[in-house]
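This report introduces a protein model to a reader who is new to structural description. The surroundings of the ligand and the arrangement of the strands are its two topics.

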Amino acid sequence: MTEHPSPAKSAGSSPVPGFTPAEVAGFERDGYAIVRGLAPRLMVDRMIAVTEAGLRSGEGPVELEADLRYPGAPVSREQEGGHTIRRLKEAQGRDPVFTEWVRLPGVLARLQQLLGPRVVMPLAHHNCVMTKQPQFSSETHWHQDIRYWSFTRPELVSLWLALGPETPENGCLWVIPGTHRQQFAPTQFDNKLFLRDDLPENQPLINAKIPVPLQPGDALFFHARTFHAAGRNTTRQSKYSVVFTFRSADNPPLAHSRSSSLPELLLTPGE
Ligand SMILES: O=C(O)CCC(=O)C(=O)O
């Protein structure tokens, strides 16, 4: 990826908050970086309000646990919990707060450091609020997000924002550092392109997993090739997480693919 290790300068001379060079190097090495307090409390509260309104009304596109059928999900819409919403889709269009947040200098500057000066936000992937609800949540096995995406290069950065506390107990993300730089054999995956956890050859990889506990307003930047997974929510409180993905302007989606099926936002001015 294009590296821009120093935070950009704003119109005056005060530096825009961004990653330190060591943090950029950490992202390049590990395929992820955590930033504490990247969303102000007021924005987090607005996002929670939008999320809870979306869950109450059921309006807008949603993904149901029962439709995806990940392990632990209700097996059909007719079962108890069959209408549990796993994520509210098309989050960006649900309220201006989401675009306001990704345009904050501290967010945009960091994306530019990882992706280069011209940052585009595809709306066809992620662009959601994950709503991991107690009782009917499911497990997401080890995967790379890029597996179903089609871009010129497999180099996108996703941004995960915690709206509440995220812990192993309520199904926080886990990552396997450095996997964005490794190559894998097709035999290491199942037919849905999840890493097979029954294979001895995959055990060293899986044993290197690290949990990503977050507090409200904390964010995780992760590469689209970084393996990640998440458990069920075993607490009594729903867990809400906002997720978007970003690319550089010179890494367009392939024509006629799902990746080019929705418009995109150019977050930074052209040159
Ligand atoms: O919260 C989860 O279950 C993980 C979601 C995830 O990994 C994804 O949407 O790519």
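## Paired strands

Two strands pair if DSSP finds at least two bridges between them. In this predicted model, Val129 stands opposite Val242 in strand 12. Strand 5 and strand 12 run antiparallel and are joined by five bridges.

Strand 12 has further partners. Strand 7, formed by residues 157–162, pairs with strand 12 in the antiparallel sense over six bridges, and Trp160 has Val243 of strand 12 as its bridge partner. Strand 4, residues 119–122, is also antiparallel to strand 12 and is joined to it by two bridges. Here Val119 stands opposite Ser248 of strand 12.

## Burial of strand 12

Are the residues of strand 12 mostly covered or mostly exposed? Strand 12 spans residues 239–248, and 10 of its 10 residues are buried. A residue counts as buried if 20 or more other C-beta atoms lie within 10 Å of its own.

Lys239, Ser241, Val243, Thr245 and Arg247 point one way from strand 12. Tyr240, Val242, Phe244, Phe246 and Ser248 point the other way, and the residues of both sets are all buried.

## Surroundings of the ligand

Which residues are found around the ligand? They are Met130, Lys132, Thr140, Asp145, Gly171, His228 and Ala230. By type, this shell divides into two nonpolar, three polar and two charged residues.

Strand 5 (128–132) supplies at least two residues of the shell, and strand 11 (228–230) likewise supplies at least two. Strand 5 thus appears both in the shell around the ligand and in the pairing with strand 12.

Conventions: Residues numbered from 1 in each chain as written. Predicted model: local features only at pLDDT ≥ 70, side-chain atom pairs only at ≥ 80, totals over all residues. Near = placed C-beta within 6 Å. Helix = DSSP H or I, 4+ residues; strand = E, 2+ residues; numbered from the N terminus. Nonpolar A, V, L, I, M, F, W, Y, C, P; charged D, E, K, R; others polar. Buried ≥ 20, exposed ≤ 12 C-beta atoms within 10 Å, placed from the backbone.
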